[in-house]
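Here are my notes on the model you sent over. I've kept them as numbered points so you can check each one against the coordinates.

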Amino acid sequence: MRQNRWIPQSCAVLCLACLSPGALLAADSAPDGWVIAVDNWTRRNTALKLYQEVFVNDKLQGIAGTIEVALKDGQSPHVYRCDKYPCTIAIPEFRPADDSLISRLGRAFRELYSHRDTMPVSAISRGSQYLHQAVLALNGGQLDLKDAIGTIDMGTYTVSLRPIETAGSTALGRLSGSVNWDPPGGTSASFPALAPGIYELSMASSEGDSLGSAAVLLAAPADYPVKRESFGASVRALPRDLDPAALDALLNAILFDIGSSAK
Amino acid sequence: MSKISSSRKFRHYLLTGLGLMALTSAIQELSLRTRLVKRLETANLDALFSGKERKVSPDVVVVSITDDDYQTVFGGVSPLNAEKLQGVIDDILEGHPRALGVDFDTSAWDARAAKNKYDGQPVVWAREALGEAGSLTMGKALGGSEDICCGVPAYFPDEDGIVREYKEFIKGSDGKYYPSLAFNLVKVAVRGREGCQGASPTLERNQSDKPARVNFRGPKNVFDHLSIGTLSKLKNLPAGAAPPLLGKIVLLGGAYRAARDTYPTPMRYMDGVDIIANSVDANLPGNKGLADSPVWLYVWGYVEGVALLVGLYFVSRTWSLIILVVTGPAYALVVNWLAFQWAGAFVSFVPCFVGIVIQQIVEHAFEYHRLRQENRELHEQLKRLPATPAGLSTPSQPGG
């Protein structure tokens with residue numbers, strides 16, 4: 001029996017041909033990460049659930065509590081906390097940016113005509129050349145990182161803080177944020193739920209390269225000048241020709257001493 | 001008569017051009033062995049890498065041990081605790097990868113227990129090459145177990161200290177050829193565990209122990225990276241969610257600073273495991289390794305050179321200059337760019353262009369010399385002429 005076609009066959013083939021690239025694109029949309037712990041958070045007004053997929057640049061709205069997101073960026077899972085409604089965080093960019101042929105050509109010519117900086121190889125087994133121990137000012141959820149960071153390129157970096165010893169909340173897990181490093185203006189990262197205390201500061205570039213980690217003491221605005229001065233005075237009193245490993249241990253000890261003296 | 005003369009002239013022009021093209025090609029072949037040209041070559045290669053389109057690899061995933069993992073899971077102790085590392089490997093294998101490459105030193109592991117545990121699994125173990133080039137001895141993998149699949153993660157820095165080369169096979173001091181980790185990982189991924197190749201006294205025709213360039217896909221972020229902290233949290237993904245390691249080629253390596261496994265590459269500093277990931281990705285079927293240009297590409301370059309040489313004969317001097325100085329290099333640049341981006345190949349027009357430019361210069365020089373000679377002869381003839389009546393000796397000046 002012959003069926004009546006409500007769409008001509010040729011048209012159907014044409015439509016399928018036009019739709020196929022879309023289908024391919026849809027099939028290619030692998031997630032950039034997953035929600036691995038969530039309290040009360042939403043995305044586009046829909047409540048987020050455990051193991052829900054997330055994508056780069058997704059805007060997540062927090063109502064209360066924390067959300068932990070595991071991304072394919074090679075970092076530890078990212079924890080975001082919302083203490084005061086509304087909170088909005090964006091999944092940080094870590095994928096290679098889409099770029100045009102012109103920008104690729106520009107990049108190639110820059111590489112060809114620019115002088116390549118010498119790429120040093122550090123013979124030290126531990127430690128970080130970018131991050132170092134410091135007392136940092138925590139002011140209204142804004143953490144100024146400038147004292148803890150050496151010379152790094154301008155750009156966006158992932159910042160994470162793991163509490164080693166906190167005065168406020170010892171139960172707080174690792175916190176993640178990002179900083180658009182552009183000194184002297186852009187040196188602060190936003191951490192709304194952060195309490196003063198001693199933390200392990202870790203940073204990574206947008207390409208996922210680790211800048212290492214260092215212990216830092218976060219101080220409230222009222223305590224910051226005194227603690228910073230106290231740390232500076234102790235550092236200045238140290239002998240100059242100390243072994244790097246010994247210096248690292250001593251700076252940590254000084255930081256812990258200053259941090260614990262305030263309790 | 002004039003037809004024969006112009007044909008002879010064309011033949012002379014063509015033969016001179018072809019001869020000069022052959023000469024410049026020979027000079028280029030010799031100069032390729034000099035340090036200066038090698039430096040120029042690597043600078044050009046780095047620029048081509050920089051201009052590559054950066055897309056995330058759909059095949060290769062890196063599971064890395066970060067500084068945080070090193071401290072929290074392994075207590076900041078090197079070498080890493082074997083049991084804990086095996087726990088990570090078990091977690092990865094539970095994700096059903098197509099193949100797993102373990103870029104850790106497993107020489108001190110309990111051989112029997114480890115072999116029994118991972119027997120039949122699609123795992124390729126790293127084995128260290130010890131000593132200096134030319135007298136390399138191979139270290140143990142998996143506690144010295146026999147009949148396991150392993151590969152050498154060896155890379156060879158260029159004279160400027162930047163890692164751009166690897167070898168498919170590495171010749172040991174015992175005269176045997178040992179496959180690289182990247183080579184065996186690709187074999188296991190494509191043909192299964194049976195595809196893995198052991199040490200052999202000879203190489204097959206399509207295998208090589210010569211250095212080959214790594215066709216870098218891009219910087220670190222062109223591969224999905226999972227820290228082991230993330231991996232452990234994703235063990236309980238529900239059935240509907242796409243498991244991140246299912247059907248992928250997974251590389252497990254260290255990204256913690258104490259591992260000291262970071263090297264300068266054309267893509268800046270890169271962890272050793274990421275360099276292996278780039279080599280694996282480039283050697284997968286359908287992807288482009290950087291191979292020597294095939295013979296037909298050389299022939300094609302010469303055919304184009306001959307066509308250009310012939311074409312330039314029929315255009316004016318002005319146009320030939322424009323074509324040679326502007327259009328030619330631009331065309332060579334575009335074709336080179338496209339050949340590298342699409343096929344990982346290099347097309348060299350330099351010998352042909354240089355040959356043609358020299359030929360044009362020689363032609364110009366000859367013509368200039370001929371015109372000067374004619375001019376001199378005319379002057380001499382004018383001098384020899386007797387004094388002419390007024391009004392005939394010189395042409396009248398316009399308006400004069």
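1. Let's start with A:Gln133. Setting aside neighbours within four places in sequence, A:Gln133 is in contact with A:Ala214, A:Ala215, A:Val216, A:Leu251, A:Asn252 and A:Leu255. You'll find A:Gln133 in the loop between α2 and β7 (134-139) of chain A. Buried or exposed, then? A:Gln133 has 23 other C-beta atoms within 10 Å, so this loop residue counts as buried. One more pair to look at while you're there: the C-alpha atoms of A:Gln133 and A:Glu200 are 9.3 Å apart, although 67 residues separate them along the chain. Bear in mind, here and below, that this is a predicted model.

2. Next, the hairpin in chain A. Strand β4 (residues 59-71) and strand β5 (residues 78-82) of chain A pair in the antiparallel sense, over five bridges. Within that pairing, A:Thr66 stands opposite A:Arg81 of β5(A). Six residues lie between β4(A) and β5(A) in the hairpin, and A:Gly74 in the turn has a positive phi of about 80°.

3. Which way do the side chains of β5(A) go, and how covered is the strand? A:His78, A:Tyr80 and A:Cys82 point one way from β5(A), while A:Val79 and A:Arg81 point the other way. Both sets are buried, which fits the count of five buried residues out of five for β5(A). Do note that A:Arg81 is among the buried ones.

4. Two asparagines deserve a look on the Ramachandran plot. Most residues other than glycine have a negative phi. A:Asn45, however, has a positive phi, near 65°, and A:Asn57 has one near 70°. A:Asn45 belongs to the loop between β1 (33-43) and β2 (46-47) of chain A. A:Asn57 is in the loop between β3 (53-54) and β4 of chain A. What about their surroundings? With 6 other C-beta atoms within 10 Å, A:Asn45 is exposed. A:Asn57 has 11 C-beta neighbours inside 10 Å and therefore counts as exposed as well.

5. Now for chain B as a whole. Chain B contains 11 helices and 15 strands. Of its 400 residues, 36% are buried. Taking the contacts in chain B with a separation of 6 or more, 74% are between residues 24 or more positions apart.

6. The sheet in chain B is worth tracing strand by strand. Six strands make an open, parallel sheet, in the order β6-β3-β2-β13-β1-β12. Its edges are β6 (150-151) and β12 of chain B, each of which pairs on one side only. At the β6(B) edge, strand β3 (residues 123-126) of chain B is joined to β6(B) by two bridges, and the two strands run parallel. B:Ala126 has B:Gly151 as its bridge partner in β6(B). Helix α4 (residues 82-94) of chain B packs on this sheet, where it touches β1 (60-65), β2 (99-102) and β13 (249-254) of chain B. The direction of α4(B) makes about 160° with that of β13(B).

7. On to the interface between the chains. Here 37 residues of chain B are in contact with 31 residues of chain A. On the chain B side, α2 (35-50), α3 (67-72), β12 (224-227) and α7 (228-233) each supply at least two residues. Which element of chain B gives the most? That is α2(B), with five residues. The residues on the chain B side divide into 17 nonpolar, 10 polar and 10 charged.

8. Finally, the helix pair at that interface. The axes of α2 (residues 101-113) of chain A and α2(B) come within 7 Å and cross at roughly 155°. An angle over 145 degrees counts as roughly antiparallel, so that is how α2(A) and α2(B) are related. The crossing of α2(A) with α2(B) is right-handed. On the α2(A) side the residues are A:Arg107, A:Ala108, A:Glu111 and A:Leu112, which meet B:Ala43, B:Asp46, B:Ala47, B:Leu48 and B:Ser50 of α2(B). By type, the residues of this contact are five nonpolar, one polar and three charged.

Technical notes. Residues are numbered from 1 along each chain as its sequence is written. Chains are lettered from A and ligands numbered from 1 in the order in which they are written. Two residues are in contact if their C-beta atoms, placed from the backbone, lie within 7 Å. Helices (H or I, at least four residues) and strands (E, at least two) are DSSP runs, numbered from the N terminus. Ala, Val, Leu, Ile, Met, Phe, Trp, Tyr, Cys and Pro count as nonpolar, Asp, Glu, Lys and Arg as charged, and the others, Gly among them, as polar. Two strands pair if DSSP finds at least two bridges between them. Axes are lines fitted to C-alpha atoms, for helices over the stretch in contact, and angles run from 0 to 180 degrees between N-to-C directions. A residue is buried if 20 or more other C-beta atoms lie within 10 Å of its own, exposed if 12 or fewer, and partly exposed in between; C-beta atoms are placed from the backbone. Angles under 35 degrees count as roughly parallel, over 145 as roughly antiparallel, 65 to 115 as roughly perpendicular and the rest as oblique. A crossing is left-handed if the near helix is turned anticlockwise from the far one by less than a right angle, and right-handed if clockwise.
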